[in-house]
Amino acid sequence: MRLVILEAESLGKDMDLSGFSRFGEVTVYEKTTEEECPERVREADIVICNKVRMCSRTLSGAENLKLICVTATGINNIDLDYVKRHNIAVTNVAGYSTVSVAQHTFAMYFYLAEKLRYYDDYVKNGSYASSSLFTCMDRPFTELEGKTWGIIGLGAIGRKVASIAQAFGCRVIYYSTSGAHDDPDYERVDLYRLLKDSDVVSIHAPLNEATENLMNIETFANMKRNAILINVGRGSIVNERDLCCALREGLIAGAALDVLSSEPIRSDSPLLKMADDDRLYITPHIAWASKEARTRLIGLVQKNIASYLEGGMENRVV
């Protein structure tokens, strides 16, 4: 049995991949381009991948291929028609990053809401050392308790965020992007009401026709002027040019993004023109990537392989 890991770099250099060797001969590549892929998978029985497109262009010579393990929840890089025609099973992983993403959501909120960038710089640039006052209140901040936290997309991650927000004393409301989700534990509202009422809006929804460009200049105009937007869902849910406009015009108080419409960020992105604006905070798609979450992910991929080899996933396409 030959296993090929195409994008070990995306799992992190601190991860132990030795457990895959119990399934057979393992070849590990740190990264793989679509041009390199056909040769690398040519003799593989199992391919472990993330972002490399799995389609006729990359798989046409892989006559032994039986299983593709995606090291993520989304399978948009898999040509499902092709793998079905060639009886190639596909598995993904889900639920591994819920705690990590929820934690990062609040890390981003507090960094913005408590003006931590300003106060860290205030101490480190010498301003505090030259001050006659024991404290500094140049940038006032407010408490989270008593605020309304609005959630767009109340899946597993959205629910985890909701429970933490409640622990901080927030009122929690949510908007169902599919229109079909009802949760008795939280108040469901339409998008207009959520934006009007919320002091914090966090996005945990998938990208689809209903959510693409959901946050644009019109929807930003419905938000509170003191509201903070957090996007840990998918980048294209937020119109980035309109977000920059909303921040410049003071339609919202701040925004934190962990996902972008193009990853890595394009050098001509309008977001980079606001690099010195402390109302905008951007991290490079790391919310999912705590060490514990990545360890869980690798364990789930190995469990999927074991299940397949034991006959539990033959011809399975997620």
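Here are some friendly notes on this predicted model, set out point by point.

1. **The whole chain.** Let us begin with the overall picture. The protein chain has 318 residues, and buried residues make up 46% of them. Its secondary structure comes to ten helices and twelve strands. Taken along the principal axes, the C-alpha atoms fill a box of roughly 70 × 50 × 35 Å. If you look at contacts between residues at least 6 apart in sequence, 62% join residues that are at least 24 apart.

2. **A span with a label.** UniProt, in an unreviewed entry, lists residues 107-287 as "domain: D-isomer specific 2-hydroxyacid dehydrogenase NAD-binding". In the model, this span is 27% helix and 15% strand. Try finding both ends of the span on screen: their C-alpha atoms lie 10 Å apart.

3. **The seven-stranded sheet.** In which order do the strands of the open sheet lie? Reading across, the order is S8-S7-S6-S9-S10-S11-S12, with parallel pairing. S8 and strand S12 (280-282) stand at the edges with a single partner strand each, so one side of each has no neighbour in the sheet. As a reminder from general knowledge, strands of a sheet pair through backbone hydrogen bonds, either parallel or antiparallel.

4. **Strand S6 and its partners.** S6 covers residues 148-152, and five of its five residues are buried. Thr148, Gly150 and Ile152 point one way from the strand, while Trp149 and Ile151 point the other way. On one pairing, S6 runs parallel to S7, joined by five bridges, and Gly150 stands opposite Ile173 in S7. To get from S6 to S7, the chain passes through helix H6 (residues 156-167), and this β-α-β crossover is right-handed. S6 also runs parallel to strand S9 (residues 200-203), joined by four bridges. There, Ile152 stands opposite Ile203 in S9.

5. **Out to the edge at S8.** S7 pairs with S8 in the parallel sense too, over two bridges. Ile173 stands opposite Glu187 in S8. Since Ile173 in S7 also stands opposite Gly150, you can use Ile173 as a landmark when tracing this part of the sheet.

6. **Ser176, just after S7.** Where does Ser176 sit? Ser176 is in the loop between strand S7 (171-175) and strand S8 (187-188). Is Ser176 buried or exposed? Its relative accessibility is 6%, and because buried means under 20%, Ser176 counts as buried. A polar atom of the Ser176 side chain lies 3.0 Å from the backbone nitrogen of Gly179. The backbone nitrogen of His181 lies 3.2 Å from a polar atom of that side chain. Leaving aside neighbours within four places in sequence, Ser176 is in contact with His181 and Arg188.

7. **Asn231, in strand S10.** Asn231 is found in S10 (residues 228-231). With 0% relative accessibility, Asn231 counts as buried. A polar atom of its side chain lies 3.0 Å from the backbone nitrogen of Gly233. Not counting residues up to four places away in sequence, Asn231 touches Ile203, Val238, Ala256, Leu257, Asp258 and Val259. You met Ile203 in point 4, where it stands in S9 opposite Ile152.

8. **Asp242, in helix H9.** Asp242 lies in H9 (residues 240-248). At 19% relative accessibility, Asp242 counts as buried, because the cut-off for that word is under 20%. Which backbone nitrogen does the side chain of Asp242 reach? That of Ile217, at 3.0 Å. Apart from neighbours within four places in sequence, Asp242 is in contact with Asn216, Ile217 and Phe220. The C-alpha atoms of Asp242 and Asn213 are separated by 9.7 Å, and these two residues are 29 residues apart along the chain.

9. **The nonpolar cores.** The largest nonpolar core has 47 residues, and those with the most contacts inside it are Phe20, Ile48, Trp149, Ile230 and Ile305. Trp149 is one of the S6 residues from point 4. Beyond its neighbours within four places in sequence, Ile48 has contacts that include Leu3, Ile5, Phe20, Cys69, Val301 and Ile305. A second, separate core has 30 residues, including Tyr175, Leu214, Ala246 and Leu251.

Methods: Residues numbered from 1 in each chain as written. Predicted model: local features only at pLDDT ≥ 70, side-chain atom pairs only at ≥ 80, totals over all residues. Heavy atoms only, no water. Buried < 20%, exposed > 50% of the residue type's maximum accessible area, 1.4 Å probe, protein only. Polar contact = N/O pair within 3.5 Å; in protein donor to acceptor, adjacent residues only side chain to side chain. Contact = heavy atoms within 4.5 Å. UniProt positions renumbered as here; feature names shortened; annotations may be inferred. Core = buried A, V, L, I, M, F, W, Y, C linked by side-chain atoms within 4.5 Å. Pairing = 2+ DSSP bridges. Right-handed = clockwise from strand over helix to strand, strands pointing away.
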